[in-house]
Structure formats: C-alpha cells, structure tokens
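Please open the structure in a viewer and keep the sequence panel visible beside it. The tour below proceeds from the whole chain to single residues, with a selection to make at each stop.

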Amino acid sequence: MKMMSDDELIGALRAADPASLATVSDGDALRAVRRARRERRRPRWGLITGAIAATLVVGIPAGAAAAGFMARTGWFGSPNPGDHRDHCISAEVTEYDCDDEWIDLSAPDLDKVVASVYPTWMPLAPGVTREDLTARVIGISSADALTPVTSLRRTYESESYKDWLTAWIAANDRGDTAAQETASRIITEAADWPAIVATDGGRITDIMRAFAERIAAGDREAAQAAAEYEGAPGWDGIDRHELTDEIFDEVYGDDR
C-alpha cells in the first residue's frame, strides 16, 4: 500500500472526526501519528508541544472504539479500530508500543486513571504536591480524543521538569546555592526519565541535556531560555530565541 502524504494523512484524520481535531494543529496531529519517521528536521520555535510540554493527543474519535466504556478502553496496539492486538503500526508510518493502552480522555473517570499512573519515583519541586501536579495533568489531558497511557506519564514528567526549571530560577534569585544545585541535578536527570525518553522522536532529550549542562554551570540565561521554550512559569517574559537557536545548533549541527 502506498504511504499517505502529509496532506492526505491530515485530511483522513479530520474527515474521521473534525470535532476531535478542532483544537489540534496540523503539525501536532502529524507528530502524534508518525513518531517512527526518522527524518531529522529543524525544531520549530513556538511548537512547545513538539518538545515535552503537552499530552500526545491523537485525534481519533473516542466514540469509535470507546463508546460506553470508561477511560481505560482495554484497547492496545494500533489506534485504528478493528486492527489486531499486535498490529502496532498506524498509517504505515507510526509504531506504537503494543503494551500501551489507549485512554479515553473524555471519560468521566479520567481523573482516577491519571492519578493511578502517577510516577511515585519522581522528585517534586519545592512547594509542589502530588495532588497539585495530578490536578494539573488532568486539566492538560482532558479532551475528546484518545491517547496512549505513556503520554499521561510523560505529561507528569514534563510538568515536573518545568517545575524544576522554575525552582532553579527561584533559587538563583535568592542566592540559595544548595537548592540551585539540587534543581540542577534533577534538571539533568530529567532527560533520562522513562516516558520522556519513550516519546522522544526528535532528539528532544539531547536538547534538554544541552540546556542542563549550561544550567549546571550557573547560566541563568540558559535557564530562562529553557523556561521560555517549555512554557515554565519561571520565565521572566524576555525573548531569548537567539540563545535557544544557538543550543539547537549545538545539538543538530548541519542537520538543522
């Protein structure tokens, strides 16, 4: 079968259920269904969801497979209704973990499912509670769509990563060296957090490490650039696109 073009893939998704993609950009929709395309492309500034900031929502009508069911659909593998359990390829371009269950983000018990996948091993930034973080992830994840359970875990990790960027900036502001060092260590470790690694289709973890190296050396501008790029609340509102572009050049080199 001939591989679908980008325009054809977007058209097929929107024809399947226009409402479910009403708030999802074409770029986000494509990234969510073709992670296995290994083409190296220049990251687009401003597409924070292309980094690690948001749930990987797949714009497939939840009602097609989950009508009458709660958030845990019991549906694994391919996001296409009717596919065999071990068919983990979507539109011949995207590979999914066959053991990753699809979650109905519009189900009334989504909050319970989100709470059930909370990563208990993950360090919380100062002042952030498990309940606060869970409520935030529920709010980000709620949609009329389906998503792999790994994307819920990634949302926890990415939100905590943003919290630690903010914690580093706050520690730097008040001259708290010990808190700054703790935040630096966790920001560095975040590039190896499991769900972030599992959903990295474009060397995003390498970008995180490049930021982390500068932050660990005490570079406040790099911390602010990372906060701007990720949409972290610690960002001071100053545009640092040029610094972020410099870091992209370090990571991608001639492949940008």
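**The whole chain**

Begin with the entire protein chain: of its 256 residues, 48% count as buried. The model shown is a predicted one. Colour it by secondary structure, and eleven helices and five strands appear. Among contacts in the chain with a separation of 6 or more, 66% are accounted for by residues 24 or more positions apart.

**The nonpolar core**

Next, select Ile103, Leu152, Tyr156, Trp164, Ile187, Trp193 and Ile215; these have the most contacts inside the largest nonpolar core, which has 49 residues. Then display the elements that give two or more residues to this core: helices H4 (110-116), H5 (130-141), H6 (149-174), H7 (177-189), H9 (204-216), H10 (220-230) and H11 (241-252). Helix H6 gives the most, with nine residues. As a general background to this stop, nonpolar side chains tend to be buried together in soluble globular proteins.

Centre the view on Tyr156. Which residues is Tyr156 in contact with, leaving aside its neighbours within four places in sequence? They are Val114, Ala115, Val117, Tyr118, Pro119, Met122, Leu133, Thr134 and Val137.

**Strands E4 and E5**

Move to strand E4, residues 101-104, and show its side chains. Glu101 and Ile103 point one way, whereas Trp102 and Asp104 point the other way. Each of these four residues is buried. In a regular strand, side chains alternate between the two faces of the sheet.

Add strand E5, residues 146-148, to the selection. Strands E4 and E5 run antiparallel and are joined by three bridges. Opposite Ile103 stands Thr147 in E5. Ile103 has already appeared on this tour, among the residues with the most contacts inside the largest nonpolar core.

**Helix H10 and its surroundings**

Select helix H10 next. How many of the eleven residues of H10 are buried? Nine of them are, and the helix is mostly covered. The buried residues are Ala222, Ala223, Gln224, Ala225, Ala226, Ala227, Glu228, Tyr229 and Glu230. Show H6, H9 and H11 as well, since the buried residues of H10 pack against these helices.

Now keep only H10 and H11 in view. They pack at an angle of about 95°, with their axes 9 Å apart; the two helices are therefore roughly perpendicular to each other. On the H10 side the contact is made by Glu221, Ala222, Ala225, Glu228 and Tyr229, and on the H11 side by His241, Leu243, Thr244 and Phe248. By class, this contact has five nonpolar, two polar and two charged residues.

**Glu221**

Zoom in on Glu221, which lies in helix H10. Is Glu221 buried or partly exposed? Glu221 counts as partly exposed because its relative accessibility is 40%. Not counting residues up to four places away in sequence, Glu221 touches Arg240 and Leu243. A distance label from Glu221 to Thr244, C-alpha to C-alpha, should read 9.9 Å, and the two are 23 residues apart in sequence.

**Thr205**

For the last stop, select Thr205 in helix H9. With a relative accessible area of 9%, Thr205 is buried. Leaving aside neighbours within four places in sequence, Thr205 is in contact with Ala191, Ile196, Val197 and Asp200.

Notes: Residues are numbered from 1 along each chain as its sequence is written. This is a predicted model: local features need pLDDT of at least 70, side-chain atom pairs count only at pLDDT 80 or more; totals for chains, interfaces and linings use all residues. Side-chain values use heavy atoms; hydrogens and water are left out. A nonpolar core is a set of buried Ala, Val, Leu, Ile, Met, Phe, Trp, Tyr and Cys residues joined through side-chain atoms within 4.5 Å. Buried means under 20% relative accessible area, exposed over 50%, partly exposed in between (1.4 Å probe, protein chains only). Contact means heavy atoms within 4.5 Å. Two strands pair if DSSP finds at least two bridges between them. Axes are lines fitted to C-alpha atoms, for helices over the stretch in contact, and angles run from 0 to 180 degrees between N-to-C directions. Angles under 35 degrees count as roughly parallel, over 145 as roughly antiparallel, 65 to 115 as roughly perpendicular and the rest as oblique. Ala, Val, Leu, Ile, Met, Phe, Trp, Tyr, Cys and Pro count as nonpolar, Asp, Glu, Lys and Arg as charged, and the others, Gly among them, as polar.
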